[in-house]
Amino acid sequence: MRIRGRIRENMKGLKGSAAAKQLLDRCVRELNAQEDRLGALRRGLVVLRAQRDRASSERDLTIEAVI
């Protein structure tokens, strides 16, 4: 979170020149893309954890059946 805050502070410091606006727009696009990617990774992690938990339960049941 500290990095995002620092980036936002840096973005506030950019003045209104055309070059600064282009840089700001690019930074915003990149940050949005990164946020989207993080969201997708978090959703994927939830799915993988659920799969892991199911596999662990199946393993435990199989071990109990063998014993």
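In this predicted model, helix 2 offers a simple check of its own geometry. Its 49 residues should span 72 Å at 1.5 Å a residue, and the end C-alpha atoms lie 71 Å apart, which agrees. This helix covers residues 18–66, and helix 1 covers residues 2–13. Together they make up the secondary structure count of the protein, which has two helices and zero strands. With a radius of gyration of 22 Å, well over the 11 Å that the globule rule gives for 67 residues, the protein is more spread out than a compact globule. The box filled by the C-alpha atoms tells of the overall dimensions: along the principal axes it is roughly 75 × 20 × 10 Å.

The surface comes next. About 6,100 Å² of the protein is exposed, and 58% of this area is supplied by carbon and sulfur atoms. Burial applies to 6% of the 67 residues. As for charge, the protein carries 16 positive and 9 negative charges, and the mean positions of the two sets are 10 Å apart.

Where burial does occur in helix 2, the residues concerned are Ala 20, Leu 31 and Gly 39. Helix 1 is included in what covers them. Leu 31 gives a residue-level view of this part of the model. Its relative accessible area is 17%, and because buried means under 20%, Leu 31 falls in that class. Leaving aside residues up to four places away in sequence, Leu 31 touches Ile 7 and Met 11. For the pair formed with Ile 7, the sequence separation is 24 residues, while the C-alpha to C-alpha distance is 9.4 Å.

Two further residues of helix 2 help to complete the picture. Ala 19, placed in this helix, has a relative accessible area of 54%; the cut-off for exposed is over 50%, so Ala 19 counts as exposed. Its neighbour in number, Ala 20, is listed among the buried residues of the helix. Gln 34 also has its place in helix 2. At 47% relative accessibility, Gln 34 is partly exposed, because this value lies between the 20% and 50% limits.

Distances involving Gln 34 can be set beside those for Leu 31. Between Ala 19 and Gln 34, which are 15 residues apart along the chain, the C-alpha atoms are separated by 22 Å. Gln 34 and Gly 13 are 21 residues apart in sequence, with a C-alpha to C-alpha distance of 22 Å. For Leu 31 and Ile 7, by contrast, 24 residues of sequence go with 9.4 Å in space, and these two residues are in contact.

Definitions and conventions. Residues are numbered from 1 along each chain as its sequence is written. This is a predicted model: local features need pLDDT of at least 70, side-chain atom pairs count only at pLDDT 80 or more; totals for chains, interfaces and linings use all residues. Side-chain values use heavy atoms; hydrogens and water are left out. Helices (H or I, at least four residues) and strands (E, at least two) are DSSP runs, numbered from the N terminus. The radius of gyration is taken over C-alpha atoms; the globule rule is 2.2 Å times the number of residues to the power 0.38. Buried means under 20% relative accessible area, exposed over 50%, partly exposed in between (1.4 Å probe, protein chains only). Accessible areas come from the Shrake-Rupley method with a 1.4 Å probe; for residues, only the protein chains shown count as cover. Lys and Arg count as positive and Asp and Glu as negative; His and the chain ends are not counted. The place of a charge is taken as NZ of Lys, CZ of Arg, CG of Asp or CD of Glu. The expected span of a helix is 1.5 Å times one less than its number of residues. Contact means heavy atoms within 4.5 Å.
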